[in-house]
Amino acid sequence: MSHSDTIPLHPSSQSDIDEIENLINASVHQSVPSARPPSPPRASIPVSVSVSTAPSPFISSNLPPPPPLPKSSVSAVTPSPPPPRPGIATSGFGPAPNTLTEPVWDTVKRDLSRIVSNLKLVVFPNPYREDPGKALRDWDLWGPFFFIVFLGLTLSWSASVKKSEVFAVAFALLAAGAVILTLNVLLLGGHIIFFQSLSLLGYCLFPLDVGALICMLKDNVIVKVVVVCVTLAWSSWAAYPFMSSAVSPRRKALALYPVFLMYVSVGFLIIAID
Amino acid sequence: MDLGHPVGENYANPNTCFFHVLFKAAALAFYILSALFIDNFVIIFVMTVLLAALDFWVVKNLSGRILVGLRWWNEINDLGESVWKFESLDQQSLARMNKKDSWLFWWTLYLTAVAWTMLAIFSLIRLQADYLLVVGVCLTLCIANIVGFTECQKNAKKRIQQFVSRTIASRVSSTLQSAFSVV
């Protein structure tokens, strides 16, 4: 058979690559012999992307999700089929499909610019404020992670005794608080995405981080109260549109109150520790 | 692959293999050794968690796609839904991947998770809630990478099988059509 001659294979059952070779070998053997064998189609694009909408308990939606359409359809009836092209994501958001072969510096630059743009979108006025789901489409958890660790470090530095307990309590309060707040919105029947919500709540800590830093440098209690009130209002202002649009208007207060409560407790931590 | 010279094969990307292992070993070593020598919990927490986060980023964005040709991420589409994307090279490029790189990648991924699990059990036995917090964060990052790359590999195999099926179907149809045209 001409195909087996052109592609020499060494079948082995020891690794996944050998399984792939077995699949190629099986396809060659199963083809029907003919007087004029056609040339096998070859994939011209070395990178392929598959999209799978993961059914997870963190996503609740009143509307049923639309069925995913196949992005690449090749007709089997065509006598000379074109080379099969894998589906390429046409969405302008997120990484491009050729991220498998990009240099390392491009990856680093993209992640850093994503963190900066997400921070600007959350804590500063932006054109997407009326549609907050669009603002944080390209979510990440690096910014929230940095802000939580920074706040914990600032509080533990301010504390004169029990630095370890202060840090652990601050970290656990913020990390678990974000998870509980997201689950609260989901249990209220809100339409929210788990990781996007975690990302937003983490970025909203940026004003409180600045406030904690100022309070660490100043020892005056009145200055502390004023700074914490300002940064607390700022954090609440940043979190308001996202949380309010996630649930129905009648349950808006139930979704917003725990967020405000968490930020108030963080504010009290900042004021009380000296 | 030349089976006559198995000893001659070497790592295709030694630098990436090195950094793949470096941050894992650094996080584990720092956690274990600092628990013996350093008494400051804040320093232990920050250094260990930062090293674990750095390892997570390196595995997810660099060594995963260089050593085994896989990459995964999450994004949100226009309808506001969360979409997990799994990216892989085509079958010819995957066949050319170095086996030692792939072996090192998967084994170090699993062994690191096992190590953090054992450390979590030790912290649980000694009733240290604060150190359990450190191990919990590191274990979460490890398991996230394992789940992500396992799903990524499943998608790669599924795509290769679809490609093979499509190839068979197109060959059968073209053969039948050429046979009928001859008759």
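What percentage of the 274 residues of chain A count as buried? In the predicted model examined here, the value for chain A is 39% of its 274 residues, while for chain B, with 183 residues, 51% count as buried. The secondary structure of chain A comes to 10 helices and one strand, and these elements follow one another from the N terminus in the order α-α-β-α-α-α-α-α-α-α-α. Chain B is built from five helices and two strands, arranged from its N terminus as α-α-β-β-α-α-α. With contacts restricted to residues at least 6 apart in sequence, 68% of those in chain A join residues at least 24 apart, and the corresponding share in chain B is 69%.

For chain A, an unreviewed UniProt entry places the feature "transmembrane region" at residues 141–159, 166–187, 193–214, 221–242 and 254–273. Two of these spans were examined for their backbone conformation. Residues 141–159 of chain A are 89% helix and 0% strand, and the C-alpha atoms at the two ends of the span lie 27 Å apart. Residues 166–187 of chain A are 100% helix and 0% strand, with a separation of 31 Å between the end C-alpha atoms.

Helix H6 of chain A, which comprises residues 163–187, packs against helix H10 of chain A, residues 252–272, at an angle of about 170 degrees and with the axes 9 Å apart; this angle makes H6(A) roughly antiparallel to H10(A). On the side of H6(A), the contact is formed by A:Leu173, A:Leu174, A:Gly177, A:Ala178, A:Leu181, A:Asn184 and A:Val185. The partners contributed by H10(A) are A:Leu254, A:Ala255, A:Pro258, A:Val259, A:Met262, A:Ser265, A:Val266 and A:Leu269. By class, the residues of the contact between H6(A) and H10(A) comprise 12 nonpolar, three polar and no charged ones.

Helix H7 of chain A, spanning residues 194–203, is largely enclosed by the rest of the structure, because nine of its 10 residues are buried. The buried residues of H7(A) are A:Phe194, A:Gln196, A:Ser197, A:Leu198, A:Ser199, A:Leu200, A:Leu201, A:Gly202 and A:Tyr203.

In chain B, the annotation "transmembrane region", again taken from an unreviewed UniProt entry, covers residues 28–58, 103–125 and 131–150. Residues 103–125 of chain B are 100% helix and 0% strand, and 33 Å separates the C-alpha atoms at the ends of this span. Residues 131–150 of chain B are likewise 100% helix and 0% strand, with end C-alpha atoms 29 Å apart.

Two helix pairs of chain B share helix H2. The axis of helix H1 (residues 14–37) of chain B comes within 9 Å of that of helix H2 (residues 41–67) of chain B, and the two cross at roughly 165 degrees, so that H1(B) is roughly antiparallel to H2(B). This crossing of H1(B) and H2(B) is left-handed, and its contact involves 18 nonpolar, five polar and two charged residues. For H2(B) and H4(B), the axes come within 12 Å and cross at roughly 155 degrees, which makes H2(B) roughly antiparallel to H4(B); the crossing of H2(B) and H4(B) is also left-handed. B:Thr48, B:Val59, B:Ser63, B:Gly64 and B:Leu67 of H2(B) make this contact together with B:Asp101, B:Ser102, B:Phe105, B:Leu109 and B:Trp116 of H4(B). Five nonpolar, four polar and one charged residues constitute the contact of H2(B) with H4(B).

Two charged residues of chain B were considered individually. B:Asp101 is located in helix H4 of chain B, which runs over residues 99–125, and is buried, with a relative accessible area of 1%. When neighbours within four places in sequence are set aside, the residues in contact with B:Asp101 are B:Tyr11, B:Ala12, B:Asn13, B:Cys17 and B:Leu67. B:Lys85, which belongs to strand E2 (residues 82–89) of chain B, is buried with a relative accessible area of 4%. The C-alpha atom of B:Lys85 is separated by 5.6 Å from that of B:Trp72, a residue 13 residues apart from B:Lys85 along the chain.

Terms used: Residues numbered from 1 in each chain as written. Chains lettered and ligands numbered in written order. Predicted model: local features only at pLDDT ≥ 70, side-chain atom pairs only at ≥ 80, totals over all residues. Heavy atoms only, no water. Buried < 20%, exposed > 50% of the residue type's maximum accessible area, 1.4 Å probe, protein only. Helix = DSSP H or I, 4+ residues; strand = E, 2+ residues; numbered from the N terminus. UniProt positions renumbered as here; feature names shortened; annotations may be inferred. Axes fitted to C-alpha atoms, helices over the stretch in contact; angles between N-to-C directions. Parallel < 35°, antiparallel > 145°, perpendicular 65-115°, else oblique. Left-handed = near helix turned anticlockwise from the far one by under 90°. Contact = heavy atoms within 4.5 Å.
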